[in-house]
Amino acid sequence: MRLLLVEDDPMIGEGVRKGLRQEGFAVDWVQDGRAAERAIDNDVYDLLLLDLGLPGKDGIDVLASLRRRGNAIPVLILTARDAVSDRVKGLDIGADDYLVKPFDLEELSARVRALLRRKSGRADPVIQIGNVTLNPATHEVFLDANPVALSAREFALLHALADRPGAVLSRAQLEEKLYGWSEEVESNTIEVYVHSLRRKLGQDFIRNVRGVGYMVPKSS
Ligand code: CA
């Protein structure tokens, strides 16, 4: 899952980016409102973490113009403003949730997971497909009742596919979900991860749709 973080405070930005990367998210970070709009126009994100007080363009204005253009990306506001009216305004203008600074990284991660779940139309925090179970909060994966050890990238790839069973994701789309701007993508990494996931979860678990991409079939 790939997130865009918009935060002009370098300490908070660095801390949030690092924390969320450790949780297995790909995170791109920009520090002003205009750069946020450019990033959203150029890349596909699963969620936006948006500070309100920003140089260039205020977070409220960034959000308002996103929603006006019909962009439905989940938005979590990060704000130091303790005025209730700012939070109400943010929510009424189209934010999905907010956190008041200073916040705990664990709580931020949990709220991000909750929003991503809602975006995918799931209420259950655990994803079950056939005999494979994965838990995005703990990164645990089970095949039947047996725990399966995955690397962080393997988990991220599995999560991206399992989040939308039946949907085909191209290699480029998977790379976008796994890697932020500053991370080098090697040419055959997705194939390598798919190979490894098949070895661990069963050859048929990830289907190759020739010329299009990969999918995890819906459970029958
Ligand atoms: Ca700020």
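This briefing walks through helix packing, a few single residues and some backbone oddities in the structure above. Bear in mind that the model is a predicted one. Three helix pairs get a look here: α1 with α5, α3 with α4, and α6 with α7. After that come Leu63, which is buried, and Asp92, which is exposed, followed by a cis peptide bond and two non-glycine residues with positive phi, His139 and Asp144.

**Helix α1 and its surroundings**

- Helix α1 runs over residues 10-22, so to speak a 13-residue stretch, and spans 18 Å from first C-alpha to last, close to the 18 Å expected at 1.5 Å a residue.
- On the buried side of the ledger, α1 has Gly13, Val16, Arg17, Gly19 and Leu20.
- The cover over those buried residues includes three strands, β1 (2-6), β2 (26-30) and β3 (47-51), along with helix α5 (105-119).

**How α1 packs on α5**

- The axes of α1 and α5 sit 10 Å apart, at an angle of about 60 degrees.
- An angle like that makes α1 oblique to α5.
- The crossing of α1 past α5 is right-handed.
- From α1, the residues in the contact are Gly15, Val16, Gly19 and Leu20, and they meet Leu105, Leu108 and Ser109 of α5.
- Sorted by class, this contact has 4 nonpolar and 3 polar residues, with no charged ones.
- Val16, Gly19 and Leu20 turn up among the buried residues of α1 and also in the contact with α5.

**How α3 packs on α4**

- Helix α3 (residues 59-68) and α4 have axes that come within 9 Å and cross at roughly 15 degrees.
- Because the angle is that small, α3 counts as roughly parallel to α4, the cut-off being under 35 degrees.
- In handedness, α3 passes α4 in a left-handed crossing.
- On the α3 side the contact takes in Ile60, Leu63, Ala64 and Arg67, while α4 puts in Lys89, Gly90 and Ile93.
- The class split for α3 with α4 is 4 nonpolar, 1 polar and 2 charged residues.

**How α6 packs on α7**

- Helix α6 (residues 152-162) and helix α7 (residues 171-178) bring their axes within 10 Å, crossing at roughly 120 degrees.
- That crossing angle makes α6 oblique to α7.
- The α6 and α7 crossing is right-handed.
- Arg153, Ala156, Leu157, Ala160 and Leu161 are the α6 residues here, and they meet Leu174, Lys177 and Leu178 in α7.
- By class that contact comes out as 6 nonpolar, no polar and 2 charged residues.

**Two residues to compare: Leu63 and Asp92**

- Leu63 belongs to helix α3, and its 0% relative accessibility is why it counts as buried.
- Leaving aside residues up to four places away in sequence, Leu63 touches Leu50, Val75, Ile77, Gly90, Ile93, Gly94 and Ala95.
- Two of those neighbours, Gly90 and Ile93, also appear on the α4 side of the α3 and α4 contact.
- Leu63 and Ala80 are 17 residues apart in sequence, and their C-alpha atoms are 17 Å apart in space.
- Asp92 sits in helix α4, residues 84-93.
- With a relative accessibility of 67%, Asp92 counts as exposed.
- Go 89 residues along the chain from Asp92 and you get to Trp181, with 31 Å between the two C-alpha atoms.

**Backbone points to check in your viewer**

- The peptide bond from Lys101 to Pro102 is cis, and its omega is near -5 degrees.
- Pro102 falls in the loop between β5 (97-100) and α5.
- His139 isn't a glycine, yet its phi is positive, at about 65 degrees.
- You'll find His139 in the loop between β7 (132-135) and β8 (140-143).
- A relative accessible area of 29% makes His139 partly exposed.
- Asp144 is another non-glycine with a positive phi, here about 55 degrees.
- The loop between β8 and β9 (146-147) is where Asp144 is found.
- Asp144 is exposed, its relative accessible area being 51%.

Notes. Residues numbered from 1 in each chain as written. Predicted model: local features only at pLDDT ≥ 70, side-chain atom pairs only at ≥ 80, totals over all residues. Heavy atoms only, no water. Axes fitted to C-alpha atoms, helices over the stretch in contact; angles between N-to-C directions. Helix = DSSP H or I, 4+ residues; strand = E, 2+ residues; numbered from the N terminus. Parallel < 35°, antiparallel > 145°, perpendicular 65-115°, else oblique. Left-handed = near helix turned anticlockwise from the far one by under 90°. Contact = heavy atoms within 4.5 Å. Nonpolar A, V, L, I, M, F, W, Y, C, P; charged D, E, K, R; others polar. Expected span 1.5 Å × (residues − 1). Buried < 20%, exposed > 50% of the residue type's maximum accessible area, 1.4 Å probe, protein only.
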